[in-house]
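Hi,

Here is the structure I promised to pass on. Have a look first, and my notes follow below.

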Amino acid sequence: MENLGNKFKTIYINIAIGLTRTPSSIHRMQYNILQKKKSRAMAEQNKVILHGMWASPYVKRVELALNHKGIPYQYVEEDLANKSDLLLKYNPVHKKVPVLVHNGKPIAESMVILEYIDETWKDGPKLLPTDSYKRAQARFWSNFIQDQLFENSFLVLKTDGEAQQKALDQVCEKLNLLEDGMKTYLAEGNVGVENNFGILDIVFCSIFGAYKAQEEVLGIKLMVPEKFPVLFSWLMAIVEVEAVKKAAPPYEKTVAILQRFRQSALKFSAAA
C-alpha cells in the first residue's frame, strides 16, 4: 500500500508542476527543443567527409588543406580495387579519389577541392594569396608542378633503364625551371613558413614530401641541395609545418607501397 501511495503522490506532483507551467514557459520549452533539432540538422548538413586512399598524393593535398585550415572532417578510406557505391555515386565521371562531400554535395578533383575549401572556409589561414598578382603566380606555378613535374616523377618510379633516365632528365630540367622561378616567388614572402602555407606549398609537398622514401626505393636523389638549394630549403620548411607532420604516413609504410607500385609497374612493362 505504501508503494501505491508513493505512486499516486508522484503523479499528483507531476500534474501540479504541469499545471503551474505558463504558456510562455511551454513555448520556451518547445522553442528549445526545436533549436536543438535545428542545431543537430545544421551540424549534419555542414558535415565534411573526405573519400580518399591514404597513399594518394592527390588525397594528401586535400588532407593538408583541411588540417591547415583546422576544418574537422570524417575520413573514408576507399579500396580502389573495389570502389564503394558511394564513391561511384559521388564521382561518376572519373570514379577516383579524392572526393570531398560538404552539405551532402560532392566535389571532385584535388585542385578544384583546394580552391573550394579556401573560398568556403574564409576564417583562418588563406590557401591563396590575397594579392591578385601573387595569387596568379601561385596558380601558375601550381599548374606547372602538376602538368610538368607530376607525370615525369611517376615515370621515374614506374620505369627502368633508358626510359627511366629519359624521365629523370625531364624531371631535372623542370626542377631547374622551378628553381629559377621560386628564387623570385619565394623572395617576395616567407612562403613555406607555417603562417603562409598555401596551395603552392601543398602541391609541391604532394610530390616531394616523401622524398626520403622515394630516394630509398629508387636509389636516386632527386632533391639534391647542391643542385636545387632554393627548392631544398623550401621543402625543408614545408615538412616542418604542423599540418604536414599530421598528414604524413609512417615512413616504412610509404616505402613499402612505393616498392610494390614500382615492382608492379616494371612487371607489367616487361609483360607488355
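Which helix gives the largest share of the lining of the largest cavity? That would be helix H9 (residues 211–218), with four residues. Keep in mind that this is a predicted model. Searching the whole structure turned up one cavity of 30 Å³ or more, and the space in it comes to about 50 Å³. Its lining is made up of Phe208, Tyr211, Gln214, Glu215, Leu218, Ile220, Leu222 and Met223. By type, that is six nonpolar residues, one polar and one charged.

Now the rings. The count of aromatic pairs is nine. One of them is stacked: Phe204 and Trp234, at 4.2 Å centre to centre with 5° between the planes. This pair links distant parts of the chain, since Phe204 is in helix H8 (residues 199–208) and Trp234 is in helix H10 (residues 229–238), 30 residues apart. Both Phe204 and Trp234 are buried.

Tyr211, which also lines the cavity, pairs with Phe232. Their ring centres are 6.4 Å apart and the planes are at 85°, so this pair is edge-to-face. Here too distant parts of the chain are linked: Tyr211 belongs to helix H9 and Phe232 to helix H10, 21 residues apart. Tyr211 has 11% relative accessibility, so it counts as buried, while Phe232 has 21% and therefore counts as partly exposed; the cut-off for buried is under 20%.

Elsewhere, Tyr58, Phe150, Phe154 and Phe261 form one aromatic cluster. The charged end of Arg61 sits over the ring of Phe150, 5.1 Å from the ring centre. Likewise, Lys253 has its charged end over the ring of Trp54, 4.4 Å from the centre.

Cheers

Notes: Residues numbered from 1 in each chain as written. Predicted model: local features only at pLDDT ≥ 70, side-chain atom pairs only at ≥ 80, totals over all residues. Heavy atoms only, no water. 1 Å grid on protein atoms, 1.4 Å probe; cavity = no way out; pocket = protein on both sides within 12 Å on 5 of 7 lines; lining within 4 Å. Points joined across faces, edges and corners; volume = space filled by probe spheres on them. Helix = DSSP H or I, 4+ residues; strand = E, 2+ residues; numbered from the N terminus. Nonpolar A, V, L, I, M, F, W, Y, C, P; charged D, E, K, R; others polar. Phe/Tyr/Trp six-rings, centres within 6.5 Å; stacked < 30°, edge-to-face > 60°. Buried < 20%, exposed > 50% of the residue type's maximum accessible area, 1.4 Å probe, protein only. Lys NZ or Arg CZ within 6 Å of the ring centre and 35° of its normal.
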